[in-house]
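Please read the following account with the structure open beside you. It moves from ring contacts to surface, backbone and cysteines.

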Amino acid sequence: MRSRGIRNIVVLIDSTQYDTIMEDKESPGGFRNDFALLRVQNRTNGVFHPKVSLFIGERQALALVGSGNLTYSGMAHNKELWGAFCAKSKDTDEASIISDVWNYLSDIIVSSGSKIATQQLEWCRSCSDAIKDFESMGYREGYKPRFLFPRPGKTVFDQIMYMIDTDVRTIKIIAPYYDSEGSLINALKNRYNPDMIKCAIDESYGYVPAKMKYDNNIRFFHWHDVFCSENQFESAKKLHAKAIQFETSAGNYLLLGSSNATGAGFGLNRHCYNDEADIIIHSSEDDFFERLGINFNDDLKKAITDFHSGRKFPARTANESFPCHITLCEKYDGKLHISFDNDIPDIKIRVHFDEGYKDLDFSEDGIETDESWKIRYVAAVSDNMEISNKALVLDYADLAKRDPDSRLSKIESLFRSDNNNGWDNNIAKVLSYVNLDIDDMNRHASVHDSAIHSRDRTGTVIGKEQFDNTVFTKSPYTGPYSLNMHILDQIQFFVSNQQENYDEIDETSSRKDIVSGNAQDCSQERQINRTYSDRTEIMGYLKRLKCHYDRLAKDFDNQDEFYRLQSKGVYFRNQITCNDYSYILIALMLIFHRLAYPVKGDENSIRYIRYCTELTGRFMMIYRAGYPVTNDYTYMKLEEMHRNFFVYSLLILSAGNMNKDTVGVWAMNLMETFKDDTAKLMSCYNDYLRLSNEYRSLMNKHSAEAIEKARARYLDYLESIAAGGNIETISKYQRNFYFHKEKFGFIFCKESYRATQEYYRLKVIYPGIKDETTFINNLPKIKKA
């Protein structure tokens, strides 16, 4: 959906399924936050079972009502049946379905109490003239396609009886699940007394009405006999469609949707039934089943005793022994707001993080939280025991990622995957949006003791909600800062999901499992793209960014080499902003994607790695001042971008075959960006190790070893400096040693020799310096690494 520019997404899920998923996951909470997931509780002792999708555009809408779950099998592999209704105005029959579906889903969302999802509804209204039009529709008399769902006092079965009040000659049913007594079949026979009821059963996957008494007017057929296909894999697909055709003297009625052929599906027991969604359509001429390729040939009928389903009716698997359930957890106004289905006195809320948890006092007015917390999930606690289900947190700050503003969708639309060429066809357009000239006037080199200083760019302290909504909701044309961040967000999403997309089918799955929908994952081999139209565009962006850094470093590059490392030489005092990070991270993501998923005919891997070293070296030199520590979300965002910069720089260095000392000095300077915060350094370094293992086929053994040695050398350096050691004169060394200069970081000296009585001439390797030759005073002490 994101690839189609669809951002404003709300997903409704049955409460029992929600709780089961959260209980079953080894580490709950690792879910994406670019859509709202609402837990919906059925109020009639059943389950929330509808399968409905509503896609809303500016001038039209599309409603889908059918049988498929929001799963890989439901969307791709099962035999499912859908009714699709698209309309641009309220003057069409399809509009009545869309209007009903909108009202149905809106009522559920509003009744959930979610402020976040309710805001998303308002965005639908404000961005879609079609929805405004459909909302103004009143009830239409006369038969039209109808959307059916349980209403107060009216079950789905009640509504069918009202709509089909004529003589019914034949009823045909296809469904994966029947209850053992065949309650729906009996109810239809008692209500309509048709000449014949014909039922298709898929005993391989479904449930059989095994306890039904024999009736000559009720006949059963195997699904694969009534639906035949010359494609054996198509025929092997699991039946999950649910449909009933009523054949009458006034034509045929087709009911399709989520309701299985059970009492719970149609509300035959008014004390226990499901939330379902179905549609009923009518034709005076069409045989709907015949058009679908479904043919009940009497020669193929079977007795119910011929079916032997090995499946049993499932029990509700979520832990229903909990004394209370969290129905909603949202974060806004700096607080967690939690709702329960049952009041329990003296409870606490256990907030789980990536590592550990924290117990907080519950308050109906909200629980104070820290902006820096990265919450995975929450649960209610009493006497140090969790007494509720686990619940994800809907964060108001994440709303910005769902804003359907069409201007922001322009970038996302360029990542569409039509014919798998979205990236290749549009990368030039995407990169053309990146503005490398923002606030260059504030970026410059400084001279020691000069009155020139870089401007304070920390700005006002802001919260996560304000940050996200200012960064991501500005127009691409008026807010280049926000646009660059948005482009980075899209590229990171594309790259991080590339391997996931290639891992959809389990490599151990048989072809039968794949066809039937039982396979879980895809082959883990990386695929090689077949096109290379984006090659020159990526290289063009890397050249643009190099020119950008060269422009910023012009004064440094133009100074006499004699002064380069002297106290009066040019150096940099610029602090990093999110925008600065976005430039370099876009480059790193593009390079990593090209190395990890190579293009046939692209022989530029060495050049990509060379660009990585040049760009990261320049970046570390120009922005050596780092970023200020503030107590707001800007700092959190900078921390996240810093982590990505470190990890992906090391990954690309590991993939190269450069000199070990070059790799070492780059790695040490990357590590110094964390200063003496070794805990944060090691956390990020472990992320690098994890990803390098995932992409181990890309890694160069010698480069990886050089990085590991650099890590050990850097930690030893920190210990020795803390102890006051390693302060020596340059004259003691001649070649192949590391040393540290406060204004520049770590430098590797290939060789040194005395040029004058006071100065040494050095040949060095240092990130950011174009030339190897420089000078240093012999008298000042240096920190040897």
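What follows is a walk through selected features of a predicted model.

A convenient place to begin is the aromatic side chains, since a search of the whole structure finds 28 aromatic pairs. One of these is formed by phenylalanine 556 and phenylalanine 572, whose rings lie 5.8 Å apart, centre to centre, with 45° between their planes, an arrangement that counts as tilted. Phenylalanine 556 belongs to helix H18, which covers residues 554-558, while phenylalanine 572 belongs to strand S22, which covers residues 570-572, so that the pair ties together parts that are 16 residues apart in sequence. Both phenylalanine 556 and phenylalanine 572 are buried.

A second pair, phenylalanine 619 with tyrosine 623, has its ring centres 4.9 Å apart and its planes at 50°, and is therefore tilted as well. Phenylalanine 619 has a relative accessibility of 2% and so counts as buried; tyrosine 623, with a relative accessible area of 3%, is likewise buried. These two residues also belong to a cluster, in which ring pairs link Tyr549, Tyr581, Phe619, Tyr623, Tyr627, Tyr635 and Phe645. Elsewhere, a ring meets a charged side chain: arginine 191 lies over the face of tyrosine 192, at 4.7 Å from the ring centre.

From the rings we can turn to the surface, where Leu70, Met75 and Trp82 form a nonpolar patch with about 320 Å² of accessible area together. Of the residues in this patch, tryptophan 82 can be placed in strand S5, which spans residues 82-87. Is tryptophan 82 exposed, partly exposed or buried? Its relative accessibility is 30%, and because the range for partly exposed residues lies between the limits of 20% and 50%, tryptophan 82 counts as partly exposed.

Glutamine 490 offers a contrasting setting, for this residue lies in helix H15, made up of residues 480-502, and at 3% relative accessibility glutamine 490 counts as buried. In sequence, glutamine 490 and valine 430 are separated by 60 residues, yet in space their C-alpha atoms are 9.7 Å apart.

The backbone deserves attention too. Most residues other than glycine have a negative phi. Against that background, asparagine 45 has a phi near 60°, a positive value in a residue other than glycine. Asparagine 45 is found in the loop that runs between strand S2 (36-40) and strand S3 (52-56), and with a relative accessible area of 59% asparagine 45 is exposed. Lysine 675 also has a positive phi, in this case near 55°, and is found in the loop between helix H22 (660-672) and helix H23 (678-694). The relative accessible area of lysine 675 is 43%, which means that lysine 675 is partly exposed.

The cysteines close the tour. A disulfide is a covalent bond between the sulfur atoms of two cysteines. How many disulfides does a search of the whole structure find? The search finds zero. Two of the cysteines can be described by their surroundings: cysteine 199 has a relative accessible area of 0% and is therefore buried, whereas cysteine 547, with a relative accessible area of 49%, is partly exposed.

Definitions and conventions: Residues numbered from 1 in each chain as written. Predicted model: local features only at pLDDT ≥ 70, side-chain atom pairs only at ≥ 80, totals over all residues. Heavy atoms only, no water. Patch = residues over 30% accessible without salt bridge, like charges linked within 9 Å, V, L, I, M, F, W, Y side chains within 5 Å. Areas by Shrake-Rupley, 256 points an atom, 1.4 Å probe, with all protein chains shown as cover. Salt bridge = Lys/Arg side-chain N within 4 Å of Asp/Glu carboxyl O. Helix = DSSP H or I, 4+ residues; strand = E, 2+ residues; numbered from the N terminus. Buried < 20%, exposed > 50% of the residue type's maximum accessible area, 1.4 Å probe, protein only. Disulfide = S-S within 2.5 Å. Phe/Tyr/Trp six-rings, centres within 6.5 Å; stacked < 30°, edge-to-face > 60°. Lys NZ or Arg CZ within 6 Å of the ring centre and 35° of its normal.
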